[in-house]
Amino acid sequence: MTSISGNYSGDLRCTSVHRPSGSALETDAPADNQGRGERFSPTDLVATALNTCLLTIMGIVAERHGWDLLGCKARVEKVMTTEPPRKIACLEVWIELPAHLDPKARRILDKAAENCPVKLSLEASIPMIFHWS
């Protein structure tokens with residue numbers, strides 16, 4: 001179990017601390033929702049969690065197989081609903097694997113990404129579209 005504590009800092013900003021490491025991050029309400037948009041918003045962190053989880057899980061599998069995954073990139077675009085209640089309408093993901101990987105490695109990494117814990121946690125609630133290259 002991991003513990004994360006959070007404090008409201010005022011002006012629609014919060015600070016969260018990852019208890020095991022002491023690492024901190026700040027969030028800000030987005031500009032289109034009364035904030036300044038100067039930090040990640042809470043929903044940006046959802047997209048970031050998906051993005052980094054995909055890369056991390058593929059990195060674990062790549063290391064297990066001795067594949068060089070340096071240069072692998074992932075980008076997530078978060079689309080919010082236009083009608084209330086405000087929530088994430090869709091997450092669209094682009095994953096760019098290094099060109100030197102053979103088709104078998106690409107299939108294995110694709111399957112690993114499909115089983116990313118964040119993706120599995122979100123897929124019943126948020127539509128996700130994946131693009132691979």
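Which residue in β3 does threonine 15 stand opposite? The partner is glutamate 26. What you're looking at is a predicted model, where local features need pLDDT of at least 70, side-chain atom pairs count only at pLDDT 80 or more, and totals for chains, interfaces and linings use all residues. Residues are numbered from 1 along each chain as its sequence is written, and side-chain values use heavy atoms, with hydrogens and water left out. Helices (H or I, at least four residues) and strands (E, at least two) are DSSP runs, numbered from the N terminus.

**The β1-β2-β3 sheet**

- This open sheet has three strands in the order β1-β2-β3, with antiparallel pairing (two strands pair if DSSP finds at least two bridges between them).
- β1 (4–10) and β3 (24–28) are its edge strands, each pairing on one side only.
- From one strand to the next, the twist averages 25 degrees.
- Five bridges join β2 (residues 13–18) to β3 in the antiparallel sense.

**The β4-β5-β6 sheet**

- Here's another open sheet of three strands, ordered β4-β5-β6, but with mixed pairing.
- Its edge strands are β4 (73–80) and β6, and each pairs on one side only.
- β5 (residues 88–96) pairs with β6 in the parallel sense over five bridges.
- Isoleucine 95 sits opposite tryptophan 132 in β6.

**Helix α2**

- Helix α2 (residues 103–114) has 12 residues, which should span 16 Å at 1.5 Å a residue (1.5 Å times one less than the number of residues), and its end C-alpha atoms are indeed 16 Å apart.
- Ala105, Leu109, Ala112 and Ala113 are its buried residues (buried means under 20% relative accessible area, exposed over 50%, partly exposed in between, with a 1.4 Å probe and protein chains only).
- Looking down the axis of α2, those buried residues fall within an arc of 95 degrees (taken from the directions from the helix axis to the C-beta atoms), so they line one face of the helix.
- On the other side, Pro103, Lys104, Arg107 and Lys111 are exposed.
- The buried residues of α2 pack against α1 (42–65), α3 (117–122) and β6 (128–132), with contact meaning heavy atoms within 4.5 Å.

**Lysine 119**

- Lysine 119 is part of helix α3.
- Buried or exposed? Lysine 119 is buried, with a relative accessible area of 7%.
- Leaving out residues up to four places away in sequence, lysine 119 touches Leu50, Ala113, Glu114, Met128 and Phe130.

Technical notes. Axes are lines fitted to C-alpha atoms, for helices over the stretch in contact, and angles run from 0 to 180 degrees between N-to-C directions.
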